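Let's take a walk through this structure together, one region at a time. Have the sequence and the 3D view open as you read.

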Amino acid sequence: MLVLEDASLGYQSKKNKKIVIHNLTLQIEDGECLAILGPSGCGKSTLVNALAGMLPFDSGGAFYEKDGLKEVLSPKLHRIGVIPQGSGLLPWKTVRENCLLPLKIRKEDRDREGIKELEEISKALHIEELLDRYPGSLSGGQAQRAAIARAFLRKPDLLLMDEPFSSLDAITAEEAKKLYLSLWEKYRVTVLLVTHNIEEALYLGNRIGVMSRERGSIQYLESNPYFGSVVKSNDEYDKTKDILMKHLL
Ligand SMILES: Nc1ncnc2c1ncn2[C@@H]1O[C@H](COP(=O)(O)OP(=O)(O)OP(=O)(O)O)[C@@H](O)[C@H]1O
């Protein structure tokens with residue numbers, strides 16, 4: 001379980017410190033996807049970067065609890081996967097090398113096992129023909145699916161997704177989300193998804209939180225009956241979207 005306790009952080013300029021996340025507390029259960037919606041500039045990427053270990057918390061912090069043991073969340077101790085808005089693939093490495101790199105870096109080069117799993121995951125994401133290609137020769141949707149493969153191959157303790165489908169056109173994004181979800185259902189990874197897309201949050205989040213711009217606080221839609229369902233439109237669904245939209249404004 002991921003636990004964020006009274007976490008605050010911000011950016012220091014020459015003149016002052018701008019606090020972006022104020023005393024934020026949240027939990028994500030093992031195998032749960034918490035989708036956080038928030039208006040532009042409310043601090044979604046800042047939160048993701050802090051959880052990925054790229055920005056330090058000023059106070060409070062993030063912890064990973066397993067089997068009664070609570071440790072400070074850290075990329076040194078935990079496998080933290082990130083799927084950013086752009087794929088984040090290294091352009092000078094093939095898709096296969098990109099996918100296996102995180103295992104190599106952490107000396108988790110599970111050789112045959114890793115290679116076999118990569119084959120399975122890339123088949124599930126329909127990218128098995130692309131493994132020896134370089135990212136520059138892929139379409140946006142293909143590159144994003146490669147980034148999903150790379151993240152799942154690590155079997156992350158925590159997967160962070162920052163607007164992972166927002167650079168794709170609607171049809172490509174829908175396909176990539178469907179493939180991601182089928183993989184998530186198989187691996188049951190603990191996920192924090194940040195997005196400004198209400199329908200995406202309703203489709204991919206077991207639970208939805210809305211982050212406000214002013215206080216950095218989060219209001220929750222505790223249960224999400226639309227998780228995993230492609231809903232075109234109906235009164236209840238539209239009402240739920242309206243409620244979320246009101247929190248966002
Ligand atoms: N490196 C930085 N230095 C100073 N301020 C920053 C830096 N990065 C982000 N900010 C500021 O922190 C606030 C939160 O930014 P952040 O990128 O986390 O928001 P966001 O919710 O992800 O926005 P968006 O949805 O537009 O990507 C914004 O006001 C932004 O200008």
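## Around the ligand

Helix α1 contributes the most to the shell around the ligand, supplying three residues. This is a predicted model, so please read everything here in that light. The residues that surround the ligand are Tyr-11, Val-20, Gly-38, Ser-40, Gly-41, Cys-42, Gly-43, Lys-44, Ser-45, Thr-46 and His-196. Sorted by class, the shell holds three nonpolar, seven polar and one charged residues.

Helix α1 covers residues 44–51 and lies across β1, β2 and β4 (59–66). Its direction makes about 70° with that of β2.

## The four-stranded sheet

The strands that α1 crosses lead us to an open sheet. Four strands make up this sheet, in the order β2-β1-β4-β5, and their pairing is antiparallel. Because β2 (17–28) and β5 (69–72) are at the edges and have a single partner strand each, one side of each lacks a neighbour in the sheet. On average, neighbouring strands here are turned by 30° against each other, direction ignored.

If you would like a pair to look at, try β1 (residues 2–12) and β2, which are joined in the antiparallel sense over eight bridges. Within the sheet, Leu-2 sits opposite Ile-28 of β2.

## The six-stranded sheet

A second open sheet has six strands with mixed pairing, ordered β6-β7-β8-β3-β9-β10. Its edges are β6 (80–83) and β10 (218–221), each of which pairs on one side only. Neighbouring strands of this sheet are turned by 20° against each other on average, direction ignored. Helix α7 (residues 235–248) packs on the sheet and touches β3 (33–37), β9 (207–211) and β10, with a direction at about 30° to that of β9.

Parallel pairing is found between β7 (residues 158–162) and β8 (residues 191–195), over four bridges. There, Met-161 faces its opposite number Leu-193 in β8.

## Strand β9

Why is β9 largely enclosed by the rest of the structure? Five of the five residues of β9 are buried, so the strand is largely enclosed. Both of its faces are covered, with Arg-207, Gly-209 and Met-211 buried on one side and Ile-208 and Val-210 buried on the other.

The partners of β9 run in different senses. With β3, β9 runs parallel and shares four bridges, and Ile-36 stands opposite Gly-209. With β10, β9 runs antiparallel, again through four bridges, and Ile-208 stands opposite Leu-221.

## The nonpolar core and Ser-122

Which residues touch the most other members of the largest nonpolar core? They are Ala-149 and Leu-192, in a core of 65 residues. Helix α4 (residues 140–153) provides the largest share of this core, at eight residues. Beyond its neighbours within four places in sequence, Ala-149 is in contact with Cys-99, Leu-118, Ile-121, Ser-122, Leu-125 and Ile-127.

One of those contacts, Ser-122, deserves a look of its own. Ser-122 belongs to helix α3 (residues 111–124). Is this residue buried or exposed? Ser-122 has 22 other C-beta atoms within 10 Å, and because a residue counts as buried at 20 or more, Ser-122 is buried. Setting aside neighbours within four places in sequence, its contacts are Ile-127, Glu-128, Leu-131 and Ala-149. Ser-122 and Ala-149 are 27 residues apart along the chain, and their C-alpha atoms are separated by 6.3 Å.

Notes
Residues are numbered from 1 along each chain as its sequence is written. This is a predicted model: local features need pLDDT of at least 70, side-chain atom pairs count only at pLDDT 80 or more; totals for chains, interfaces and linings use all residues. Two strands pair if DSSP finds at least two bridges between them. Helices (H or I, at least four residues) and strands (E, at least two) are DSSP runs, numbered from the N terminus. Axes are lines fitted to C-alpha atoms, for helices over the stretch in contact, and angles run from 0 to 180 degrees between N-to-C directions. Two residues are in contact if their C-beta atoms, placed from the backbone, lie within 7 Å. A residue is near a molecule or strand if its C-beta atom, placed from the backbone, lies within 6 Å of it. Ala, Val, Leu, Ile, Met, Phe, Trp, Tyr, Cys and Pro count as nonpolar, Asp, Glu, Lys and Arg as charged, and the others, Gly among them, as polar. A residue is buried if 20 or more other C-beta atoms lie within 10 Å of its own, exposed if 12 or fewer, and partly exposed in between; C-beta atoms are placed from the backbone. A nonpolar core is a set of buried Ala, Val, Leu, Ile, Met, Phe, Trp, Tyr and Cys residues joined through C-beta atoms within 7 Å.
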